[in-house]
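Please find below some notes for a reader who is meeting this structure for the first time. They are set out as numbered points.

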Amino acid sequence: MITEHDGSSLATRITRHLNMSHVRDRVTATGGCLQPVHLSGYRVVTDRATGRTLDHHAGTVYAPCGNRRESVCPACSDRYAADAFHLIRAGMTGGKTIPEIVADKPRLFVTLTAPSFGAVHGRRTSRTGRRIPCGCGEYHHEADPRVGTAIDPESYDYRGAVLWQGHTGDLWHRFTIRLRREIARAAGLKVSEFADHARLSYAKVAEYQKRGLIHFHAVIRLDGPEGAHDPAPAWVDSTLMEHAVRAAAETTCVSRELLLDGETTGHVFTWGQQIDIRPIRPAHAAQIEGDDGEISDRALAGYIAKYATKGTSTSEVPDRPIRSERAIEHLDVLPHHRRMIATAWELGASEDLAFLRKWAHMLGFRGHFLTKSQRYSVTFTTLRSDRRAHQQIATLEALGASPDSVTVVNHWNYTGNGHNNPEEREIAEAIYEGKRLQRKEKLAKESQP
């Protein structure tokens, strides 16, 4: 028997090498996903004309987990960010079945914030750029974990903050209704006539602030009544849109009667006073904001996509739902955010607010991080379907076949998730890192003049 220097037989080493090659192929297929889904079963590709089996695969395969959180899976988060980039940008400049005329329509980049619920630590500067002390009297450095947390936790309105967070979806919905009314009023139209003249299209992303409350970044566009393919009405421009957005943001409110502590009380939820509105210009600038305060298309799409995957860092919220009140005590989060989570859990005891327990780990926010109106752009589903179709065609071409000439039978069952051992995970991390470096080099070359 032939042996190697480590005492193993040649046959054993060949088997080990083949197994490792199989593992590498399986992990590579997920793009380096750190939490792959295990699917066991089989796939058969049969030629329809002859009945001959062209390909047969049985066993366990890995599929990407699809988690958008970078803290959970950087590889899938990157893929989500790339899809978000194309979805957002197509709605601003065209592409992916969206016509290029959208770039000529009135478009705004709008940021809506949360109200104040109490003083928080912050890094403050004067109008001249000079550093001034925080309300607590200190100067905070950028990495100070106290930034964004309550200066006086006992006087901070944690209940109000969590309740506002839980109603932001309703608040945004009311804002879009109000915005349509404001645009119609500015154009001299009846509200009932708006749909016959224009359609409001948007995409928005939620971003957590340091204080644990979200604000919305949104691209807002006005189309003709049929959507992206229909030119905007001649009477609309960015100035009219800006005035309408500001008026809508300042007057939108959501009123609720909520049963708390055995008593029914009224609550009114509004946006914060800080409202930022910027016109979007065509994509010919390398910066997000130009000297004139306008925003470039490409940079903005990347900016929004980043926040669609960022959500909030692991120091601020857990990655998974809270299962019990006792679990809150053991969370590795800042005391300020622990207090918000505990408040959401406490408020969730009310029948009116039971949803807050499900979303306590998100500090009460229960919306999607990226949403869009129906006609703004393509959907994530479309992008993913196109990618699967492209991969399927490539696989069939390698077999010398086409989708019209074969029958594909897939039968897979979920059998688990994650990597089987540390070595397998290290391979996934290396594959992801390699892809990340290739992407950075590609972007650097594309950015060169």
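1. Why is the sulfur of Cys73 not bonded to the closest cysteine sulfur, in Cys76? The two sulfur atoms are 3.7 Å apart, which is too far for a bond, a disulfide being a pair of cysteine sulfur atoms within 2.5 Å. Cys73 is itself buried, with a relative accessible area of 0% (buried means under 20%, with a 1.4 Å probe and protein chains only).

2. This is a predicted model, in which local features need pLDDT of at least 70 and side-chain atom pairs count only at pLDDT 80 or more, while totals for chains, interfaces and linings use all residues. Residues are numbered from 1 along each chain as its sequence is written, and side-chain values use heavy atoms, leaving out hydrogens and water.

3. Cys33 is also buried, at 0% relative accessibility, and its closest cysteine sulfur, in Cys65, lies 3.6 Å away, too far for a bond. By the same cut-off, the count of disulfides is 0.

4. Helix H4 (a DSSP run of H or I, at least four residues, numbered from the N terminus) covers residues 168–186, and its end C-alpha atoms are 26 Å apart, in agreement with the 27 Å expected for 19 residues at 1.5 Å a residue (1.5 Å times one less than the number of residues). Its buried residues include Trp172, Phe175, Leu179 and Ile183, and the helix is followed by Gly188, whose phi is positive, near 75°.

5. The largest nonpolar core (buried Ala, Val, Leu, Ile, Met, Phe, Trp, Tyr and Cys residues joined through side-chain atoms within 4.5 Å) has 63 residues, and Phe175, Leu179 and Ile183 are among those with the most contacts inside it. A second, separate core of 23 residues includes Leu87, Phe109, Ala228 and Leu383.

Notes:
Helix = DSSP H or I, 4+ residues; strand = E, 2+ residues; numbered from the N terminus. Buried < 20%, exposed > 50% of the residue type's maximum accessible area, 1.4 Å probe, protein only.
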